[in-house]
Amino acid sequence: MHEYTSTARVWGLTCPGFPEEVSRARRWTRDILRGSPLAEDAELIVSELSANAILHTASGRESGSFHLALAISPQVVALSVTDDGGTGHAPKVEHQGQEAERGRGLGMVSAIAHRVVVHDSDGGHTVTAELFTEAREGARPC
């Protein structure tokens, strides 16, 4: 591959911070990844990350929003959700008991994805989950 070309494709979607927008985010992801063996995992990840943005950040407040980005290359499907912040702390995996009704979502995303990265982004946070299209050395198989 030439160093200045890429076969990666990137899509973006900004959604208002309403709970019904989580289903829109799932449909959007499903439509883009139609036919991919990673589509179901990607849809679940986007659903969880979008719901977390609405429930736990300013994205769910009046006039809040969240942004999704989906990047696909021959090696990886990367799903990112950026929230509006307002929590003062970055999202993190919490180890909850089986009876807990909340707090297990990011742990579930971490169990499905090959890699999860959280970073600050313009007053909010971006959570990116990567699904490798084929097993890499040292990575868990799909």
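Start with the whole chain coloured by burial: 39% of the 142 residues in the protein chain are buried. Keep in mind as you click around that this is a predicted model. Switch to cartoon and you should find three helices and five strands, running β-α-α-β-β-α-β-β from the N terminus on. If you draw contacts between residues at least 6 apart in sequence, 62% of them join residues at least 24 apart.

**The sheet**

Next, select the strands. In what order do the five strands sit in the sheet? Reading across, you get β1-β2-β3-β5-β4, an open sheet with antiparallel pairing. The edges are β1 and β4 (115-121), each of which pairs on one side only. From one strand to the next, the twist averages 15 degrees.

Zoom in on β2 and β3, which pair in the antiparallel sense over six bridges. To find your place there, pick A69 and look straight across to S80 in β3.

**Helix α1**

Now show residues 21-32, which make up α1. This helix packs on the sheet, where it touches β1, β2 and β3, and its direction makes about 165 degrees with that of β1. Put a distance between the first and last C-alpha of its twelve residues: the reach is 17 Å, close to the 16 Å expected at 1.5 Å a residue.

Turn on side chains for E21, V22, A25, W28 and T29, the buried residues of α1. Why do they end up on the same side of the helix? Look down the axis: they cover an arc of only 120 degrees around it, which puts them on the same side of α1. The general background is that an α-helix has 3.6 residues a turn, so residues three or four places apart point the same way. To see what lies over this buried set, add β1 (9-16), α2 (39-56), β2 (65-72) and β3 (76-82), which are among the covering elements.

**Helix α2**

Stay with α2 and hide α1 for a moment. The 18 residues of α2 should span 26 Å at 1.5 Å a residue, and the end C-alpha atoms are 25 Å apart, which agrees. Tilt the view until you see α2 lying across β2, β3 and β5 (124-132); against β3 it runs at about 15 degrees.

Colour the buried positions of α2 next: A39, A42, E43, I45, V46, S47, L49, S50, N52, A53 and I54. Bring α1 back and add α3, since the cover over these residues includes α1, β2, β3, α3 and β5.

**The nonpolar core**

Which residues touch the most other members of the largest nonpolar core? Select I45, L49, F66, L68, V77, L79 and L131; the core has 27 residues in total. Two or more residues each come from β1, α1, α2, β2, β3, α3 (105-112) and β5. The largest share belongs to α2, with seven residues.

L68 is a good place to park the camera. Leaving aside its neighbours within four places in sequence, L68 is in contact with W11, G12, L13, C15, A25, W28, V46, S50, S80 and V81.

**Strand β5 and its partners**

Now isolate β5. Nine of its nine residues are buried, so β5 is largely enclosed by the rest of the structure. In a regular strand the side chains alternate between the two faces of the sheet. Here, G124, T126, T128, E130 and F132 point one way, while H125, V127, A129 and L131 point the other way.

Check both neighbours. On one pairing, β3 and β5 run antiparallel over seven bridges; on the other, β4 and β5 also pair in the antiparallel sense over seven bridges. T126 makes a handy marker: this β5 residue is the bridge partner of T82 and also of H119.

Follow β4 into β5 and you come to a hairpin with two residues between the strands. Click D122 in the turn, which has a positive phi of about 45 degrees.

**Last stop: a loop**

Finally, head for the loop between α2 and β2 and select R61. Is R61 buried or exposed? R61 counts as exposed, because its relative accessibility is 51%, just over the 50% cut-off. Draw one more distance, from the C-alpha of R61 to that of D84: these atoms are separated by 9.3 Å, with the residues 23 apart along the chain.

Technical notes. Residues numbered from 1 in each chain as written. Predicted model: local features only at pLDDT ≥ 70, side-chain atom pairs only at ≥ 80, totals over all residues. Heavy atoms only, no water. Helix = DSSP H or I, 4+ residues; strand = E, 2+ residues; numbered from the N terminus. Expected span 1.5 Å × (residues − 1). Buried < 20%, exposed > 50% of the residue type's maximum accessible area, 1.4 Å probe, protein only. Arc of directions from axis to C-beta. Contact = heavy atoms within 4.5 Å. Pairing = 2+ DSSP bridges. Axes fitted to C-alpha atoms, helices over the stretch in contact; angles between N-to-C directions. Core = buried A, V, L, I, M, F, W, Y, C linked by side-chain atoms within 4.5 Å.
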